[in-house]
Amino acid sequence: AVTWNHTGKTRLTGDFYMCLNANEATPCGAGKSSLYLQSADARLDLNGKSTSVNDLIGPGKLTNSSSSTATLKMGAWSNDCYYSAKFAGSNPINLVKSGTGTLTVTNGVLPNVSVTGGTLVVKPKSGTASFTAGALSLASGTTLIVDGTKLLVSGFTDGGATITLLNGATIVNTVTATSDTITDGSAMGDDGLLVKAGSGALMLCRDSMFGGDLRVEAGTLRF
């Protein structure tokens, strides 16, 4: 197994395919390289492994050829970081944002996302009308900012985050088979819309605060 640990920019171009065969095989940390998937056909295959990156810059694809869940970790050393790759494929990937910094996402396709520290900003590039993600999990004390776009998630667990919807942004929860929870102490700003879609249930706990609109299109809303 080879660990890429250099300080220059790592650029994957053309039809370049990079498959990880070990955990933590990509450069990450102060002074280390960001990873650039510079063509639409460039691919980073996590192959069921867990690895950390400073930034993952598209338009290339993030994939997982293994049936085992892969993990991409960002922000662990509390830096601000950026993600604009395109999640592709059906095998599971968890994108984990930790640390006190901000992760800014500017592409429209995301894997499962777990925010355990800091801030997640979802803000579109020009021409990106909506973002699609897997399950979204927000830990207590974290912040989610959705700016001027529609964020469609297939599961939504809020453990007490601050959620700000700017410029008419919308969060659409499309969960079907499970029950999701917005926990006590959660706060959502005034300018936005939370949509409950899909046949599953969404639980709003008693101290959740919503300044914007809440719309139920399908399924069950519980208090």
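## The Asp55 site

A polar contact of 2.6 Å joins the side chains of Asp55 and Ser34 in this predicted model. The side chain of Asp55 also reaches the backbone nitrogen of Tyr82, at 2.7 Å. Asp55 itself is placed in the loop between strand S5 (50-53) and strand S6 (56-57).

With a relative accessible area of 12%, Asp55 counts as buried, because the limit for that class is under 20%. When residues up to four places away in sequence are left aside, Asp55 touches Ser34, Leu35, Met74, Asp80, Cys81 and Tyr82. Ser34 and Tyr82 thus appear in this list of contacts, and each is also reached by the side chain of Asp55 at the distances stated above.

## Overall composition

The secondary structure of the protein comes to 0 helices and 26 strands. Of its 223 residues, 48% count as buried. Among contacts in the protein with a separation of 6 or more, 35% are accounted for by residues 24 or more positions apart.

## The open sheet of four strands

One open sheet holds 4 strands in the order S2-S4-S7-S10, with parallel pairing. Strand S2 (17-19) and strand S10 (86-87) stand at its edges, and each has a single partner strand, so one side of each is left without a neighbour in the sheet.

At the S2 edge, the pairing of S2 with strand S4 (residues 43-45) is parallel and extends over 3 bridges. Within this pair, Met18 stands opposite Leu44 in S4. Leu44 is also one of the residues that touch the most other members of the largest nonpolar core.

## Parallel pairing from S8 to S17

A further series of parallel pairings can be followed from strand S8 (residues 70-74), which is joined to S11 by 5 bridges. The bridge partner of Thr71 in S11 is Asn94. S11 in turn pairs with S13 in the parallel sense over 4 bridges, and here the bridge partner of Leu95 in S13 is Val113. Strand S13 (residues 112-115) then pairs with strand S15 (residues 130-138), again in the parallel sense, over 3 bridges; in this pair Val115 stands opposite Leu138. S15 and strand S17 (residues 150-158) run parallel over 8 bridges, with Ser137 opposite Thr157 in S17.

The side chains of strand S11 (residues 93-97) alternate. Ile93, Leu95 and Lys97 point to one face and are buried, whereas Asn94 and Val96 point to the other face and are not buried. Asn94, the bridge partner of Thr71, therefore belongs to the face that is not buried, as buried denotes under 20% relative accessible area. Leu95, the bridge partner of Val113, is on the buried face.

## The nonpolar core

The largest nonpolar core has 42 residues. Leu44, Leu56, Leu72, Tyr83, Leu120, Leu136 and Leu144 touch the most other members. The largest share of this core comes from S15, which supplies 4 residues.

Leu136 shows how one of these residues is surrounded: Val113, Leu120, Leu144, Leu151, Val153, Gly155, Phe156 and Thr157 are its contacts, not counting residues up to four places away in sequence. Two of the names in this list, Leu120 and Leu144, also occur among the residues that touch the most other core members. Val113 recurs as the bridge partner of Leu95, and Thr157 as the residue opposite Ser137.

## Ring contacts

Arg11 lies over the face of Tyr36, at 4.9 Å from the ring centre. For pairs between aromatic rings, the count comes to 0.

## Backbone features in loops

Gly58 and Pro59 are joined by a cis peptide bond, with omega about 25°. Pro59 is found in the loop between S6 and strand S7 (61-63).

Two residues other than glycine have a positive phi. For Glu24, phi is near 50°; this residue lies in the loop between S2 and strand S3 (35-37). Glu24 counts as partly exposed, at 32% relative accessibility. For Asn47, phi is near 55°, and the residue is found in the loop between S4 and S5. Asn47 is buried, with a relative accessible area of 18%.

Notes
Residues numbered from 1 in each chain as written. Predicted model: local features only at pLDDT ≥ 70, side-chain atom pairs only at ≥ 80, totals over all residues. Heavy atoms only, no water. Buried < 20%, exposed > 50% of the residue type's maximum accessible area, 1.4 Å probe, protein only. Polar contact = N/O pair within 3.5 Å; in protein donor to acceptor, adjacent residues only side chain to side chain. Contact = heavy atoms within 4.5 Å. Phe/Tyr/Trp six-rings, centres within 6.5 Å; stacked < 30°, edge-to-face > 60°. Lys NZ or Arg CZ within 6 Å of the ring centre and 35° of its normal. Pairing = 2+ DSSP bridges. Core = buried A, V, L, I, M, F, W, Y, C linked by side-chain atoms within 4.5 Å.
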